[in-house]
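This report goes through one protein model, from the overall fold to single residues. Please keep the sequence and the structure in view while reading.

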Amino acid sequence: GSGASHLHAFFGARAARAGATRGDLLRSLTTCSDPADTAAVWVPAGTLNGQLRTPLWERTYYFGNGAQVGTLPANLKMIGGNAHATAPSQNPAVSWSCGNGTPIASHPYDCRPYRRTRPSVHGVVGRIEFPTCWDGSTLDPLERANGVVHPVGRGCPEDHPHRIPRISVRVQFGVLDPCAGATPCGPDDDGAPIAFGLTSGPYHTLHADFWNTWDQR
């Protein structure tokens, strides 16, 4: 978008750009397999040793929130993850795996050993979990950065009482070995020399934007 500090990869509504409106996206073609899915998601693009890598795919999952499955507010924009994190511990909404039942880790790791028995493994997958408690009025984080927040314990805080569906975004970056040959580079090797990064910075700056431009019907 206009004034953005780093390059993003966009998924969903093709009309998503700076200055676009909800109406633009509702009328838009989409990159999604379901032509009715005109919501938009964007994430920082991946890099390996400084070279840009185009993600292979993105999937957005919609889950219930506790015992309820509500409706996402029309035109809601949310950010999941922390673009300013300086360590994985500062970005707990983000995790990494190789997909297809491989271990969940705080960092990307070498997917090649898993590919031997799981042919559908194509590289590191970043997962971003979005906040699930809404204040009931804020639709754009530019208006109020904390219009949506994560639960506190098992419930939503009093000033964000509205439970919304849990959005989970998974991005397949298409990089099998994020350490570019350096070892060790497994799911338990936190100190691995990871060559994979993002246009926002190191891998732990992964984040995603979601814009609910579904036809509410």
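Helices (H or I, at least four residues) and strands (E, at least two) are DSSP runs, numbered from the N terminus. By that rule the protein chain has 2 helices and 15 strands. The model is predicted, and local features need pLDDT of at least 70, side-chain atom pairs count only at pLDDT 80 or more, and totals for chains, interfaces and linings use all residues. Residues are numbered from 1 along each chain as its sequence is written, and side-chain values use heavy atoms, with hydrogens and water left out.

**Overall form**

The radius of gyration is taken over C-alpha atoms, and the globule rule is 2.2 Å times the number of residues to the power 0.38. For 217 residues a compact globule would have a radius of gyration near 17 Å, and the protein chain, with 17 Å, agrees with this. Along the principal axes, the C-alpha atoms of the protein chain fill a box of roughly 50 × 40 × 35 Å.

A residue is called buried under 20% relative accessible area, exposed over 50%, and partly exposed in between (1.4 Å probe, protein chains only). Of the 217 residues in the protein chain, 47% are buried. Accessible areas come from the Shrake-Rupley method with a 1.4 Å probe, and for residues only the protein chains shown count as cover. The protein chain exposes about 10,900 Å², and carbon and sulfur atoms supply 51% of it. Contact means heavy atoms within 4.5 Å. Among contacts in the protein chain with a separation of 6 or more, 71% are between residues 24 or more positions apart.

**Empty space**

Rolling a probe the size of a water molecule over the atoms shows where empty space is left. On a 1 Å grid over the protein atoms alone, a cavity is a set of points where a 1.4 Å probe fits but cannot get out, while a pocket is an open set with protein on both sides within 12 Å along at least five of seven lines; lining residues have an atom within 4 Å of a point. Grid points are joined across faces, edges and corners, and a volume is the space filled by probe spheres set on the points.

The count comes to 1 cavity of 30 Å³ or more. The largest cavity holds about 40 Å³ of space. Its lining includes Phe11, Gly12, Cys32, Glu58, Tyr62 and Phe210. Two or more lining residues come from each of β1 (8-12), β2 (40-44) and β5, and β5 gives the largest share, 3 residues.

The second largest pocket contains about 280 Å³ of space. Of its 17 lining residues, Ser97, Gly99, Asn100, Val125 and Arg170 lie nearest its centre. The elements that give two or more residues to this lining are β5 (57-63), β7 (94-97), β8 (125-129) and β12 (166-172).

For the make-up of the linings, Ala, Val, Leu, Ile, Met, Phe, Trp, Tyr, Cys and Pro count as nonpolar, Asp, Glu, Lys and Arg as charged, and the others, Gly among them, as polar.

| Lining | Nonpolar | Polar | Charged |
|---|---|---|---|
| Largest cavity | 7 residues | 2 residues | 2 residues |
| Second largest pocket | 6 residues | 8 residues | 3 residues |

**Single residues**

Tyrosine 62 is found in strand β5, and Tyr62 is one of the residues that line the largest cavity. With 34% relative accessibility, tyrosine 62 counts as partly exposed. Outside its neighbours within four places in sequence, tyrosine 62 is in contact with Ala39, Leu72, Arg166, Ile167, Phe210 and Trp214. The C-alpha atoms of tyrosine 62 and leucine 72, 10 residues apart along the chain, are separated by 9.9 Å.

Most residues other than glycine have a negative phi, and most peptide bonds are trans. Asparagine 75, in the loop between β5 and β6 (77-81), is not a glycine and yet has a positive phi of about 75°. Alanine 180 also has a positive phi, near 55°, and lies in the loop between β12 and β13. What kind of peptide bond joins threonine 183 and proline 184? That bond is cis, with omega about 0°. Proline 184 is placed in the loop between β12 and β13 (196-198).

Proline 151 lies in the loop between β10 and β11 (162-163). Not counting residues up to four places away in sequence, proline 151 touches Thr132 and Cys133.
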